[in-house]
Each structure stands twice: as structure tokens, then as C-alpha cells.
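Here is a short report for a reader new to this structure. Look over the sequence and the fold, then read on.

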Amino acid sequence: MSNDNGLQDAHVRIGTKQTMRMVQLGLAEEVYVAQDADPRITSKIVALCEESSVKVSYVDTMKNLGKACGIEVGAAMAAIVRP
């Protein structure tokens, strides 16, 4: 991950619905996707990010992405939002 302290200090939206919404609204700067998440879900956000020219970064597990975001459960994806 690009931030050694995780994503806790950034403006982050966690989860599929919130991440998709932020990209659709043009508010996402970067999207993190867990590699072990369901490809039926992650393929949609990756395609949307490519269309919207949003950077996609991959994290090895949902558990690690959730931990980086400061939550105790796994997360399939998260978006860093422009302040």
C-alpha cells in the first residue's frame, strides 16, 4: 500500500456500493481492490475505474484491506476520496 500507516488517515469510503458511487461521481482518486475478493464484484469496479481513469491498486487479502482502513472485518474494495 502506498501509505505505511494504512488508509486510516485518508478520506476513505469502504465497501462495494460506496466505492462504486465515488467512482461514478468522479470523487475517487484511487481505488484499492482485494485480490481474494469475488471476481464478479471486483471486475465491475476495475472496468469502471479504467473508464474513469482512476488508479487501481491491489491488496493481497480482504482482511489486510479492512485492517488498513481501520475496520475489524475484511473489505473487498475501498476508495480514497478527494477532500
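Cys49 is buried, at 1% relative accessibility. The model is a predicted one.

**Cysteines**

What is the distance from the sulfur of Cys49 to the closest cysteine sulfur? The closest one belongs to Cys69, and it is 14 Å away, too far for a bond. A disulfide needs the two sulfur atoms within 2.5 Å. Seen from Cys69, the closest cysteine sulfur is that of Cys49, at 14 Å. Cys69 is buried too, with a relative accessibility of 11%. The search of the whole structure finds 0 disulfides.

**Helix 2**

Cys49 is one of the buried residues of helix 2; the others are Thr42, Ile45, Val46 and Leu48. Down the helix axis, these buried residues fall within an arc of 165°, so they line one face. They pack against helix 1 (16-24), strand 2 (28-34), strand 3 (55-59) and strand 4. The face turned away from the buried side carries exposed residues: Pro39, Arg40, Lys44, Glu50 and Glu51.

Helix 2 covers residues 39-52, which is 14 residues. At 1.5 Å a residue, a span of 20 Å is expected. The end C-alpha atoms are 19 Å apart, which agrees. Ser53 follows the helix, and its phi is positive, near 55°.

**Salt bridges**

Side chains of opposite charge can pair when their charged atoms come close. How many salt bridges does a search of the whole structure find? The search finds 2. The table gives each pair with its closest N and O atoms.

| Salt bridge | Closest N and O atoms |
|---|---|
| Glu30 and Lys55 | 3.8 Å |
| Arg40 and Asp38 | 2.8 Å |

Glu30 sits in strand 2 and Lys55 in strand 3, so their salt bridge ties together parts that are 25 residues apart in sequence. Glu30 counts as buried, at 11% relative accessibility. In the other pair, Arg40 is exposed at 63%. Its partner Asp38 is partly exposed at 28%.

**Strand 4**

Is strand 4 enclosed or open? Of its 5 residues, 5 are buried, so the strand is largely enclosed by the rest of the structure. Met77, Ala79 and Val81 point one way, while Ala78 and Ile80 point the other way. Residues on both sides are buried.

Strand 4 has pairing partners. Strand 1 (residues 12-14) runs antiparallel to strand 4, and 3 bridges join them. Strand 2 also pairs with strand 4 in the antiparallel sense, over 5 bridges. Ala79 of strand 4 is the bridge partner of Arg13. Ala79 is also the bridge partner of Val31.

**Met77**

Met77 belongs to strand 4, which covers residues 77-81. Is Met77 buried or exposed? Met77 is buried, with a relative accessible area of 0%. Which residues does Met77 contact, leaving aside its neighbours within four places in sequence? They are Ile14, Gly15, Thr16, Thr19, Tyr32, Val33, Ile41, Thr42, Ile45 and Leu65. Among them, Thr42 and Ile45 are buried residues of helix 2. Asp60 is 17 residues from Met77 along the chain, and their C-alpha atoms are separated by 11 Å.

Methods: Residues are numbered from 1 along each chain as its sequence is written. This is a predicted model: local features need pLDDT of at least 70, side-chain atom pairs count only at pLDDT 80 or more; totals for chains, interfaces and linings use all residues. Side-chain values use heavy atoms; hydrogens and water are left out. Helices (H or I, at least four residues) and strands (E, at least two) are DSSP runs, numbered from the N terminus. Buried means under 20% relative accessible area, exposed over 50%, partly exposed in between (1.4 Å probe, protein chains only). Contact means heavy atoms within 4.5 Å. The expected span of a helix is 1.5 Å times one less than its number of residues. The arc is that of the directions from the helix axis to the C-beta atoms. A salt bridge is a side-chain nitrogen of Lys or Arg within 4 Å of a carboxyl oxygen of Asp or Glu. Two strands pair if DSSP finds at least two bridges between them.
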